[in-house]
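Please read through the report below alongside the sequence and the 3D view. It takes up cysteines, cavities, aromatic rings and a few selected residues.

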Amino acid sequence: MNALPAQFADWFRQKGWQPHPHQLDLLAQAPEKSTLLIAPTGGGKTLAGFLPSLIELAKGGAGLHTLYVSPLKALAADIKRNLATPIAEMSLPIRVEDRTGDTPYSRRQRQRADPPHILLTTPESLALLLSYEDAPRIFASLQRVIVDEIHALAESKRGDQMMLALARLETLAPNLRRIGLSATVEDPAALARFLAHSDGPCLTLLADPGPDPDMQMLETKAVPPWNGAGAHYAVPEVLAEVEKAKTTLIFINTRAQAELFFRALWLANEASLPIGLHHGSLSREARDKVENAMIAGKLRAIVCTGTLDLGIDWGNVDLVIQIGAPKNIKRLVQRIGRANHRYNAPSRAILVPANRFEVVECRAALEAVQEHDLDGEPRGPGPRDVLCQHILISACAAPFDPTDLYREMRSAGPYSALSRAEFDDCLDFCATGGYGLRAYDKWRRLIGRADGTYALRDPRAARQIRMNLGTIVDTETLAVRLKNRRGGKPLGEVEEAFAATLSPGDTFLIGGEVVTFESIRELTVQVTHEARKKPRIAVFAGTKFATSTLLSQRVLKMLQAPDWPDLPAHTANWLRLQKQMSHMPGPDQLLVESFPADGRYFTCFYGFAGRNALQTLGLLLTKRLESAGLNPLGFVSTDYALLIWGLEEITDPAPLLNPKGMREGLDTWLAGNAVMKRSFRNVATIAGLIEKNLPGKRKSGRQATFSSDILYDTLLKYDPDHLLMRLTRREAMRGLVDFARIEEMLARIDGKIDHVFASTVTPLAAPLLLEIGKIPIRGQAEERLMAEAAARMMADAKLQ
């Protein structure tokens with residue numbers, strides 16, 4: 001307490017609290033230029049970050065002193081509520097406000113004229129503020145920036161955007177100090193380099209990690225199915241756990257599965273427990289309603305996705321349930337930390353595998369958490385589409401000197417290795433559109449002036465640039481509203497591609513409700529309530545996570561064990577049967593199984609490279625099989641294996657997996673592929689080539705896609721080396737294609753292939769055969785035929 005001013009020490013005593021050591025350590029290091037604090041969830045990181053600012057502002061002050069940046073709008077609102085308590089109870093002369101996309105226009109205008117002492121915002125709103133001509137006045141008094149959940153921002157382009165914004169703030173406020181806060185970090189040194197200013201190191205403070213969480217897999221009466229992601233077999237036991245706990249967060253990896261699981265829970269909820277649903281495709285009103293009910297203690301459980309992954313303080317949550325394998329150890333640790341959100345109180349979590357293989361993956365994930373083994377991919381250099389956007393932001397604020405702006409950008413951690421040639425390439429694109437587009441005035445947005453500076457060619461373009469800021473490129477969605485004369489209650493949104501398949505009378509799930517499609521009017525899906533029909537499920541914009549490299553390696557290691565006494569009997573017996581009938585996959589060689597079934601030849605590659613990479617491998621291998629005359633018919637992939645079937649037997653898989661041939665095949669396949677066009681649209685939108693938001697209206701997804709496809713085809717033909725084409729290829733390789741994990745797999749096996757010829761379906765391959773049937777079913781007769789065919793295959797594998 002001696003380290004605190006008397007006013008603050010008294011407040012802690014009145015609350016019956018003792019400041020944690022890491023809170024005092026961060027206060028002692030307040031003068032440091034850059035500091036990263038890594039402390040467990042519930043360890044008071046946020047108060048630690050704000051304590052130096054509160055103490056400085058308690059003496060009085062004018063203007064903006066502290067900027068808080070968070071990845072979630074809801075988190076900024078939560079922090080505002082939490083800061084109100086000490087400020088009110090100590091009567092501190094401090095004004096705190098938040099500024100996000102939900103902030104009313106009038107308040108945003110007032111904040112520019114009269115900034116609060118503490119402003120809570122997001123990377124996108126910060127970038128927008130920096131684009132205004134009065135940014136130097138707004139930020140002149142800024143002393144400190146607090147970046148919360150910095151690990152989450154560092155994993156996406158939003159982090160690169162934020163670090164470029166911090167570099168700009170350093171220019172406007174040279175005495176600025178940075179604080180990064182995080183709970184789950186696999187490589188503290190790398191995150192510190194990301195946060196650090198180029199002129200000095202970043203101090204890293206590590207708090208006591210606290211007790212290990214209390215974790216287990218859910219024991220269920222029903223046996224997990226062989227495939228699928230719903231885990232509906234476990235609904236009775238999940239409800240029983242909810243009933244025993246005070247408040248439960250039920251995490252599910254995708255929005256569609258969250259809708260389905262919520263409905264399954266609700267239909268089985270005989271005790272009428274109050275249960276909410278929360279995901280990013282619900283309307284803002286629906287999410288606010290659930291969040292407010294949670295804060296008030298009115299809900300016993302929330303079925304949610306990643307929208308509640310990060311630091312919102314739900315104090316009454318005492319249980320987290322993860323439905324389906326977490327796919328990523330760091331994400332699991334973050335989610336587990338939502339329970340018992342108090343320092344030195346163990347979090348309690350239950351994992352519910354969705355299918356038989358996920359039993360193995362969940363066990364591997366639990367062991368990784370117990371051993372504090374976190375996953376994470378190494379960070380590459382800052383993406384240059386974000387750099388292009390930042391150049392345009394700078395031009396909106398004022399004319400700039402290219403050398404000064406280059407120097408400023410290099411001071412941002414992700415861009416510390418940026419060459420002048422790379423910067424000039426981006427500047428040329430912003431000024432002319434690049435070689436292939438320089439004849440079009442529309443994309444000539446900057447003009448060089450006689451004094452060597454650059455400015456907007458047309459100052460009116462600033463409005464357009466501001467309207468299209470940000471690095472989150474959403475899948476095109478349409479709003480869903482209940483149909484009535486006054487516009488209707490907003491329910492959420494669905495993907496435009498899904499809405500295009502709907503006919504009047506079709507039903508689907510959204511917000512836990514079954515609704516009937518009526519019409520599409522002015523980019524809005526109009527619906528009415530319908531409780532009778534079996535619903536289709538909306539296809540949401542959520543990401544299907546691929547299992548991380550580290551978790552895949554741990555699963556492979558587990559499969560190499562002599563036996564599996566720690567696994568449930570049903571899964572252990574399945575693995576023992578695989579051992580008897582074939583071999584087990586290993587970390588240093590590739591298991592390939594070939595077998596006949598239903599008059600076709602099947603080959604299964606156990607690559608353990610994640611869903612995206614194995615999907616790409618399937619596309620490449622089937623193309624090579626076609627060239628070799630082996631007549632492939634199709635393939636399916638999961639996170640752990642790829643199954644290909646065709647009319648001819650694959651007798652030697654080694655030539656198919658030649659790295660050089662694979663790379664050449666990838667180059668040919670990528671050139672005209674839809675994956676490249678999708679990646680191009682994302683890159684071009686961020687870089688400012690494609691504008692989705694226009695004054696008074698927004699382009700539909702089809703309009704934006706049509707525009708980007710024309711641009712892509714034009715550049716592919718006339719300027720294939722255009723900056724955006726190079727960035728697109730890099731983006732596709734790293735993201736949707738994930739070719740790096742294929743190369744990692746090929747390097748790991750180093751040509752060693754264990755090819756097993758089996759007389760029938762093998763136990764590990766059998767669940768993939770069930771994936772083949774995942775096509776639209778139009779009637780009970782076809783469903784029955786599919787079920788009978790699946791049963792025959794499982795019996796062949798001795799699994800029935």
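How far is the sulfur of C362 from the closest cysteine sulfur, and in which residue does that sulfur lie? The distance is 16 Å, and the partner is C304. That is too far for a bond. Note that this is a predicted model.

## Cysteines

The view from C304 agrees: its closest cysteine sulfur is that of C362, 16 Å away and too far for a bond. A disulfide would need the two sulfur atoms within 2.5 Å. A search of the whole structure finds 0 disulfides. C304 is buried, at a relative accessible area of 0%. C362 is buried too, with a relative accessible area of 0%.

## Cavities

How many cavities of 30 Å³ or more does the structure hold? There are 6. The largest encloses about 100 Å³ of space. Its lining counts 13 residues, and those closest to the centre are L392, R445, I465, N468 and G688.

Three helices each supply at least two residues of this lining: α16 (384-397), α19 (461-467) and α25 (674-687). The most comes from α25, with 3 residues. By class, the lining of the largest cavity has 6 nonpolar, 5 polar and 2 charged residues.

The second largest cavity holds about 70 Å³. Among the residues that line it are Y601, F602, L625, W645 and E648. Here strands are contributors: β23 (600-605) and β25 (642-646) each give at least two lining residues. The lining of the second largest cavity divides into 8 nonpolar, 3 polar and 1 charged.

## Aromatic rings

The structure holds 16 aromatic pairs. One of them joins F608 and Y640. How are the two rings set against each other? The pair is tilted, with 5.9 Å from centre to centre and 40 degrees between the planes. The tilted class applies because the angle is neither under 30 degrees, which would be stacked, nor over 60, which would be edge-to-face.

The F608 and Y640 pair links distant parts of the chain, 32 residues apart. F608 sits in the loop between β23 and α23 (611-627). Y640 sits in the loop between β24 (632-637) and β25. Both residues are buried. They also belong to one aromatic cluster, formed by W226, F357, W574, F608 and Y640.

## Positive phi

Most residues other than glycine have a negative phi. Two residues here depart from that pattern: H372, with phi near 55 degrees, and D750, with phi near 50 degrees.

H372 lies in the loop between α15 (356-370) and α16. D750 lies in the loop between α28 and β28 (753-757). Is D750 buried or exposed? D750 is exposed, with a relative accessible area of 58%. H372 counts as exposed as well, at 54% relative accessibility.

D750 follows helix α28. That helix spans residues 739-749, and its buried residues are F739, R741, I742, M745, L746, R748 and I749. Two arginines, R741 and R748, are in that buried set.

## Two alanines in helices

A268 is in helix α12 (residues 255-268). At 33% relative accessibility, A268 counts as partly exposed, because the value falls between the 20% and 50% limits. Leaving aside residues up to four places away in sequence, A268 touches V235 and L239. P236 is 32 residues from A268 in sequence, and their C-alpha atoms are 7.4 Å apart.

A569 is in helix α22 (residues 569-581). A569 counts as exposed, at 52% relative accessibility. R445 is 124 residues from A569 in sequence, and the two are 66 Å apart, C-alpha to C-alpha. R445 is also one of the residues closest to the centre of the largest cavity.

The accessibilities discussed above are set out here.

| Residue | Relative accessible area | Class |
|---|---|---|
| C304 | 0% | buried |
| C362 | 0% | buried |
| A268 | 33% | partly exposed |
| A569 | 52% | exposed |
| H372 | 54% | exposed |
| D750 | 58% | exposed |

Conventions
Residues are numbered from 1 along each chain as its sequence is written. This is a predicted model: local features need pLDDT of at least 70, side-chain atom pairs count only at pLDDT 80 or more; totals for chains, interfaces and linings use all residues. Side-chain values use heavy atoms; hydrogens and water are left out. Buried means under 20% relative accessible area, exposed over 50%, partly exposed in between (1.4 Å probe, protein chains only). Helices (H or I, at least four residues) and strands (E, at least two) are DSSP runs, numbered from the N terminus. Contact means heavy atoms within 4.5 Å. On a 1 Å grid over the protein atoms alone, a cavity is a set of points where a 1.4 Å probe fits but cannot get out, and a pocket is an open set with protein on both sides within 12 Å along at least five of seven lines; lining residues have an atom within 4 Å of a point. Grid points are joined across faces, edges and corners, and a volume is the space filled by probe spheres set on the points. Ala, Val, Leu, Ile, Met, Phe, Trp, Tyr, Cys and Pro count as nonpolar, Asp, Glu, Lys and Arg as charged, and the others, Gly among them, as polar. Rings of Phe, Tyr and Trp (its six-membered ring) pair if their centres lie within 6.5 Å; planes under 30 degrees apart count as stacked, over 60 as edge-to-face and the rest as tilted.
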